[in-house]
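Reader: Please take me through one part of this model in close detail. Start with the enclosed space, then follow its walls outward.

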Amino acid sequence: MPELRIDPLSGHRTIVAGERSRRPGGEPRCEPAEPIDAEQDPFAAGHEDRTPPELYAVRPGGGPPDSPGWTVRVVPNLYPALEPRSAPPAEAAAEPAAAGGRGGGELFATLPASGAHEVVVNGPQPVLSLADLPVEQVVAAVEVWRERMRAHSDSAYVQLIVNERREAGASLPHTHAQLYALDFVPAAVARERERAAAYTTRTMGGNLLGDLVAEEVRRGERIVGIDEEAVLLAPFASRLPFQLMLAPRVPRARFEDDGPTGAALLHDGLRRLQRRLGANPPLNMWIRTAPRGAEGFCWRIDVMPRLTHLAGLELSTELNLNIVAPEDAARLLREADAPSAPVSGAAG
């Protein structure tokens, strides 16, 4: 029977209707992507001259900037969505109501889109997914994510995302992350901050995500994996089939602070998706870290495979329809144990 579920972290509502996956053509699936043409890959080692000058790099053997020998590399986005803060201010004033140009008070308010927009190349290997990198490389990439988030600690909010495959918004196939350093806290993040703070007040000091993870571990039905750093699970009100959430075993507010990152368990979860679905799915991933003024907040990593299309219901109401129950998704991923030999196409 279909259920309406409410996400305790965001308040977002999802209809979970697992029976719909059994209708003709309804089972989520994905086809393998075309391999990367290494010669045309601007993020490949040896092609450093095809990107803007690097901002940061891990280069174990030493060497000058924009030279080979790096393991993780950070460059400005060639087509930035945000104007660098050092640039001359736009005509828009500090308050939307006083904005000039196209602005018109409350109805057509504008502000400069200022901040920073960076690309983190997750590794020199020409692969499409974090799942195809060795786990050590993923750990190194995640540490650089954290380092670049720290570099923008003066921002109101720093959003780090990963888009894999064109169907999920990736314009270049080589695995990479993007960082947006924003001068404001997005509304969705602010709502989560408010819900976390309200829970802390109601429970006299409780941590919303920490308590949620503890209860999920106790029940076990939506758990995909646990290691010494983190817990990986299929969220109770998953919006999309095979959605995953990774959270630290001990609640910590900010991902960018020192402590475990859960990178190895994240890599394991992505490999499980690969094995279960027969290919790396198109997906979106992001880090939710504590915004300014957050109380009782805990960071997490959300993974959203794009196996179904957002259609009229989702676009008109922001109400998702998930055709794979999270309990079924977790069970199927737990059963997707590692094969005895490396997955074909994985980079070593």
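**The largest cavity and its surroundings**

Author: Sorted by class, six nonpolar, one polar and two charged residues line the largest cavity. Treat what follows as a reading of a predicted model.

Names first. The lining consists of Leu9, Glu192, Ala196, Leu208, Leu209, Gly296, Phe297, Cys298 and Arg300. The two charged residues are Glu192 and Arg300. Gly296 is the polar one, because glycine is counted in that class. The space inside comes to about 70 Å³. The whole structure holds two cavities of 30 Å³ or more.

Now the walls. Helices α2, spanning 187–202, and α3 are the elements that give two or more residues to this lining. Glu192 and Ala196 fall within the α2 range. Leu208 and Leu209 belong to α3, which covers residues 208–219. Arg300 sits in β13, a strand that runs over 300–305.

Stay with α3 for a moment. Val213 is also in this helix. Its relative accessibility is 7%, below the 20% cut-off, so Val213 counts as buried. What does Val213 touch beyond its neighbours within four places in sequence? Its contacts there are Val231 and Ala247. Pro248 lies 35 residues from Val213 in sequence, yet their C-alpha atoms are 8.8 Å apart.

Between α2 and α3 there is a loop, and Met204 is in it. Met204 has a positive phi, near 55°, and is not a glycine. Most residues other than glycine have a negative phi. At 78% relative accessible area, Met204 is exposed.

Next, the open space. α2 and α3 each also supply at least two residues to the lining of the largest pocket. The other elements that do so are β12 (283–288), β13 and α5 (312–317). So α2 and α3 serve both the largest cavity and the largest pocket, because they are listed for each lining. About 650 Å³ of space lies in that pocket. Of its 32 lining residues, His12, Arg239, Trp286, Met304 and Asn320 are the closest to the centre. Trp286 falls in the β12 range, and Met304 falls in the β13 range. By class, 14 of the lining residues are nonpolar, seven are polar and 11 are charged.

The second largest cavity deserves a look too. It holds about 30 Å³. Ser129, Ala131, Glu164, Leu270, Leu273, Asn280, Pro281 and Leu283 form its lining. Five of these are nonpolar, two polar and one charged. Glu164 is the charged one. Ser129 and Asn280 are the polar pair. Leu283 falls in β12, a strand that also lines the largest pocket.

Leu270 and Leu273 lead to helix α4, residues 263–277. How many of the residues in α4 are buried? The count is 11 of 15, so the helix is mostly covered. Leu270 and Leu273 are among them. Arg271, Arg272, His267 and Gln274 are also on the buried list. From first C-alpha to last, α4 reaches 21 Å, close to the 21 Å expected at 1.5 Å a residue. Gly278 comes next, with a positive phi near 85°.

Glu164 leads elsewhere. It falls in strand β7, which spans 157–164. Arg165 is in the loop between β7 and β8 (176–182). Arg165 has a positive phi near 75°, and it too is a residue other than glycine. Is Arg165 buried or exposed? With 10% relative accessibility, Arg165 counts as buried. Met204, with its own positive phi, is exposed.

Finally, the setting. The chain has six helices and 14 strands. Of its 348 residues, 50% are buried. Among contacts with a separation of 6 or more, 66% join residues 24 or more positions apart. The chain exposes about 16,800 Å², and carbon and sulfur atoms supply 54% of that.

One strand residue rounds this off. Glu3 is in β1, residues 3–6. At 39% relative accessibility, Glu3 counts as partly exposed. Beyond its neighbours within four places in sequence, Glu3 is in contact with Thr14, Ile15 and Val16. The C-alpha atoms of Glu3 and Val16 are 5.2 Å apart, across 13 residues of sequence.

Definitions and conventions: Residues numbered from 1 in each chain as written. Predicted model: local features only at pLDDT ≥ 70, side-chain atom pairs only at ≥ 80, totals over all residues. Heavy atoms only, no water. Helix = DSSP H or I, 4+ residues; strand = E, 2+ residues; numbered from the N terminus. Buried < 20%, exposed > 50% of the residue type's maximum accessible area, 1.4 Å probe, protein only. Contact = heavy atoms within 4.5 Å. Expected span 1.5 Å × (residues − 1). 1 Å grid on protein atoms, 1.4 Å probe; cavity = no way out; pocket = protein on both sides within 12 Å on 5 of 7 lines; lining within 4 Å. Points joined across faces, edges and corners; volume = space filled by probe spheres on them. Areas by Shrake-Rupley, 256 points an atom, 1.4 Å probe, with all protein chains shown as cover.
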